[in-house]
Amino acid sequence: MITEAVSYGSDFLGLLVKAYKDSDMTKKLTIDEILMSMSMIINESLRLYSPFVSLNRKIDREVILGKLTVPATVNICIPTLALHNNTQIWGEDAHLFKPGSFAEGVAKATNKNPVAFLPFGLGRRTCVGMNFCDYRNKDCTLNDSAAIQNHSVTNLC
Ligand code: HEM
């Protein structure tokens, strides 16, 4: 009898798809759990390898920031990458790639300082492509993976 060899690839996504297809319900992952794992990996990648290393602003008019009075024309730099590597926020192992830190959301990962995670900026100038990127990152990763080449995403859902 000829049986079809099923390979999901040996990368991390391959392992996720294998778990999705697992007939053992104790090991099986749902599509939501796979997408959650991908979000954690994407967040951790954006934390350690943030394409925007800083956010810069020029002050138009005098502003009061807490105890500070900042005069007009001053340039302010918010060092995103430094914040993303701050050991007081992320722990002593801040330099390590640990997607699991995001398992319970950004607030928990940042030790209750969610604004310390700024890959897409914050406030009125937040990246307008943020949600698009989130969708495309997951879509491309799923479709590019060797694991998915024979198992289209539509088959997964
Ligand atoms: C991983 C990919 C991306 C990252 C990390 C990123 C990050 C950022 C950041 C940090 C800002 C704020 C800059 C600032 O405040 O000075 C920004 C602004 C912006 N981004 Fe993105 N971006 C990404 C992809 C995209 C895409 C795909 C689009 C368009 C489809 C886009 C469109 C914009 C626009 C139009 C702004 C300016 C918003 C404004 O000033 O009102 N970005 N992005």
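Here a visitor asks how the labels on this predicted model are earned, and a guide answers.

Visitor: What makes up the fold, from the N terminus on?
Guide: The protein has eight helices and four strands. From the N terminus on, the order is α-α-β-β-β-β-α-α-α-α-α-α.

Visitor: How do you know where confidence is lowest and where it is highest?
Guide: Compare the mean pLDDT of the elements. Helix H8 (residues 153-156) is lowest, at a mean of 45. Helix H3 (residues 80-84) is highest, at 96. Over residues 1-5 the pLDDT is below 50, and this stretch has zero contacts beyond near neighbours in sequence. Residues 151-157 also stay under 50. For them the model has eight contacts beyond four places in sequence. The protein averages 84, and 85% of the residues score at least 70.

Visitor: Why is Arg61 called exposed?
Guide: Count the other C-beta atoms within 10 Å. Arg61 has 8. The cut-off for exposed is 12 or fewer. Therefore Arg61 counts as exposed. Arg61 sits in the loop between strand S1 (55-58) and strand S2 (63-65).

Visitor: How far is Arg61 from Pro71 in space?
Guide: Their C-alpha atoms are separated by 6.6 Å. Along the chain, the two are 10 residues apart.

Visitor: What makes Thr73 exposed?
Guide: Thr73 has 10 C-beta neighbours inside 10 Å. Exposed means 12 or fewer, so Thr73 qualifies. Thr73 lies in the loop between strand S3 (68-70) and strand S4 (75-78).

Visitor: What is notable about the phi of Thr73?
Guide: Phi is near 75°, a positive value, and Thr73 is not a glycine. Most residues other than glycine have a negative phi. Asn111 also has a positive phi, about 60°, and is not a glycine.

Visitor: Why is Asn111 called partly exposed?
Guide: Asn111 has 14 other C-beta atoms within 10 Å. Exposed needs 12 or fewer, and buried needs 20 or more. The count falls in between, so Asn111 is partly exposed. Asn111 is placed in the loop between helix H5 (106-109) and helix H6 (130-144).

Visitor: What class does Ile78 fall into, and how do you know?
Guide: Ile78 has 15 other C-beta atoms within 10 Å. That sits between the two cut-offs, so Ile78 is partly exposed. Ile78 lies in strand S4.

Visitor: Which residues does Ile78 contact beyond four places in sequence?
Guide: Ser54 and Leu55. The cut-off for a contact is 7 Å between C-beta atoms. Ile78 and Leu118 are 9.6 Å apart, C-alpha to C-alpha, and 40 residues apart in sequence.

Visitor: Which residues of helix H1 are buried?
Guide: Leu13, Leu16 and Val17, in a helix that spans residues 12-21.

Visitor: How do you know on which side of H1 they lie?
Guide: They cover an arc of only 95° around the axis, which puts them on the same side of H1. An α-helix has 3.6 residues a turn, so residues three or four places apart point the same way. Across the protein, 11% of the 157 residues count as buried.

Visitor: Which residues surround the ligand?
Guide: Pro51, Phe52, Leu55, Pro119, Phe120, Gly121, Arg125, Cys127, Val128, Gly129, Phe132 and Cys133.

Visitor: How does this shell divide by residue type?
Guide: Nine are nonpolar, two polar and one charged. Arg counts as charged, and Gly as polar.

Definitions and conventions. Residues numbered from 1 in each chain as written. Predicted model: local features only at pLDDT ≥ 70, side-chain atom pairs only at ≥ 80, totals over all residues. Near = placed C-beta within 6 Å. Helix = DSSP H or I, 4+ residues; strand = E, 2+ residues; numbered from the N terminus. Arc of directions from axis to C-beta. Contact = placed C-beta atoms within 7 Å. pLDDT = per-residue confidence, 0-100.
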